[in-house]
Amino acid sequence: MPDDNEIKSKTYLQLLREEDVFLSILGNLNSGVALIDEDGKFISYNKKFLNLFGLSQESTINNVNDQNWAEWKVFSEDLKILDVDDHPVRKAAITGKLVRNQLVGVKLPEGSDIIWMLVSAEPIFNDQGRLIKTVCTYLDVTEHKLADAALRQSEQNLRELNATKDKMFSIISHDLKSPFTSIIGFTELLIKKISQNDIDKALEYSNIVLDASLQTMDLLTNLIEWSRMQSGKLNFTVTEFNKLFNALAGHKSVTIRISAENDIRLQGDRSMIGSVLRNLLSNAIKFSNPGNVVSFKVTCKNGHVITEIRDMGTGMDQDLIDRLMESGNYNSKPGTKNETGSGLGFLIIREFISKHGGEINIESTIRKGTTITFWLPQFII
């Protein structure tokens with residue numbers, strides 16, 4: 001029969017084999033595993049842990065209380081940077097609170113991309129209830145997080161496309177149908193008055209048809225540009241040009257006063273800048289009263305071309321300004337001669353100015369007028 005020493009030896013060898021198996025399993029886990037002692041020091045960790053954090057076998061793992069712990073930026077799921085004391089592993093190791101599958105993003109001091117991981121930290125207490133160790137696991141879920149973000153973005157794009165489709169059908173069925181009804185109706189009256197040799201009425205109806213036609217053309221142009229912009233088919237072609245405006249012929253007895261510095265040059269997409277100016281001037285005229293003046297001023301300062309369009313029209317309150325400056329607002333109000341619009345004009349303005357790296361600002365007072373200023377960098381880098 002084996003003596004006590006032989007039994008003890010076998011038990012010891014068995015324990016060694018079991019530890020080897022355990023360490024082998026630990027080393028091949030798909031999760032990073034680390035063990036922290038009661039003082040907050042990392043005392044053991046597997047290869048996956050080192051790989052996750054870009055560390056080598058020779059690396060010295062810091063204590064969770066060390067100052068340079070803050071160099072590791074840790075993000076919550078909504079990309080807010082967590083305070084050092086809110087890092088899940090640090091919190092568990094110091095307070096003894098259990099952490100289960102908390103999703104965090106970690107940006108290493110020398111890394112460029114955020115590593116997303118599910119972090120768990122389980123405190124271990126002795127018989128007296130004192131925290132003696134903390135077992136931490138780190139599961140890399142970056143691919144899943146990116147796939148989920150892509151799926152969410154795809155869903156958002158689909159919702160926006162559906163909203164775009166609905167808006168387009170609304171414009172076609174209402175905003176585009178209405179002016180054509182007016183054009184057809186007054187054209188019939190115009191033919192009748194011409195046959196009756198009623199020149200005065202014929203001239204009056206001709207002007208109404210012309211106004212309706214111009215409004216319809218403006219709406220169609222905006223609709224085409226907006227739909228191309230939404231579908232991503234609008235190309236951005238940079239050219240250099242020094243004529244920023246064309247005179248607009250108004251039918252409301254509104255005077256346009258132009259003031260511009262000589263030889264202002266700008267790099268940008270001529271079509272887009274032309275669309276911005278056309279929409280802004282059209283709006284200024286639309287909300288002006290007959291006999292008003294619209295001023296159009298272009299200057300150059302600190303490498304930017306600054307365009308200011310000021311009218312003396314109906315103005316708007318701060319609520320409307322805020323809604324105009326927010327993405328997704330399509331509301332439009334009638335002009336001083338009941339001119340209609342789809343509300344797409346300002347969306348196009350904001351998008352095209354943004355594509356040029358510019359900014360836009362609105363100042364307005366009810367019944368006193370509106371000043372819209374936008375800045376564009378002279379040169380596209």
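The following legends describe close-up views of a predicted model of a single chain.

**View 1. The whole chain as context for the close-ups.**
The chain contains nine helices and 13 strands, and of its 381 residues 35% count as buried. Among the contacts in the chain with a separation of 6 or more, 60% are accounted for by residues 24 or more positions apart. The chain exposes about 23200 Å², of which carbon and sulfur atoms supply 52%.

**View 2. Helix α7 and the cap at its N-terminal end.**
Helix α7 comprises 17 residues, 270-286, and the distance from its first C-alpha to its last is 24 Å, close to the 24 Å expected at 1.5 Å a residue. At the N-terminal end of α7, Asp269 acts as the cap, with a side-chain oxygen lying 3.0 Å from the backbone nitrogen of Met272. Met272 is itself one of the buried residues of α7, and the others are Ile273, Ser275, Val276, Leu277, Asn279, Leu280, Leu281, Ala284, Ile285 and Lys286. When reading this pattern along the helix, one may recall that an α-helix has 3.6 residues a turn, so residues three or four places apart point the same way.

**View 3. Strand β13 between its pairing partners.**
Strand β13 is largely enclosed by the rest of the structure, because eight of its nine residues are buried. Strand β11, residues 304-310, pairs with β13 in the antiparallel sense over seven bridges, and β12 likewise pairs with β13 in the antiparallel sense over seven bridges. Trp375 of β13 is a convenient reference point for both pairings: Ile306 stands opposite Trp375, while Glu359 has Trp375 as its bridge partner in β13. As a general guide to such views, the side chains in a regular strand alternate between the two faces of the sheet.

**View 4. Two loop residues with positive phi.**
Most residues other than glycine have a negative phi, and this view shows two departures from that tendency. Arg367, in the loop between β12 (359-365) and β13 (369-377), has a positive phi near 65°, and the hairpin formed by these two strands has three residues between them. Arg367 counts as exposed, because its relative accessibility is 71%. Asn197, in the loop between α5 (177-195) and α6 (199-231), has a positive phi near 60°. With a relative accessibility of 59%, Asn197 also counts as exposed.

**View 5. The surroundings of Leu131 in strand β6.**
Leu131 lies in strand β6, which covers residues 131-140, and Leu131 is buried, with a relative accessible area of 17%. Leaving aside residues up to four places away in sequence, Leu131 touches Glu38, Ala92, Ala93, Gly96, Pro123, Ile124 and Phe125. Of these contacts, the one with Ala93 joins positions 38 residues apart along the chain, and the C-alpha atoms of Leu131 and Ala93 are separated by 8.3 Å.

**View 6. Cysteines Cys136 and Cys300.**
A disulfide would require a pair of cysteine sulfur atoms within 2.5 Å, and by this rule the count in the model comes to zero. Cys136 counts as buried, because its relative accessibility is 0%. Cys300, by contrast, is partly exposed, with a relative accessible area of 28%.

How values were computed:
Residues are numbered from 1 along each chain as its sequence is written. This is a predicted model: local features need pLDDT of at least 70, side-chain atom pairs count only at pLDDT 80 or more; totals for chains, interfaces and linings use all residues. Side-chain values use heavy atoms; hydrogens and water are left out. Helices (H or I, at least four residues) and strands (E, at least two) are DSSP runs, numbered from the N terminus. The expected span of a helix is 1.5 Å times one less than its number of residues. Buried means under 20% relative accessible area, exposed over 50%, partly exposed in between (1.4 Å probe, protein chains only). A polar contact is a pair of N or O atoms within 3.5 Å; within protein, one must be able to donate a hydrogen and the other to accept it, and residues adjacent in sequence count only if both atoms are side-chain atoms. Contact means heavy atoms within 4.5 Å. Accessible areas come from the Shrake-Rupley method with a 1.4 Å probe; for residues, only the protein chains shown count as cover. Two strands pair if DSSP finds at least two bridges between them.
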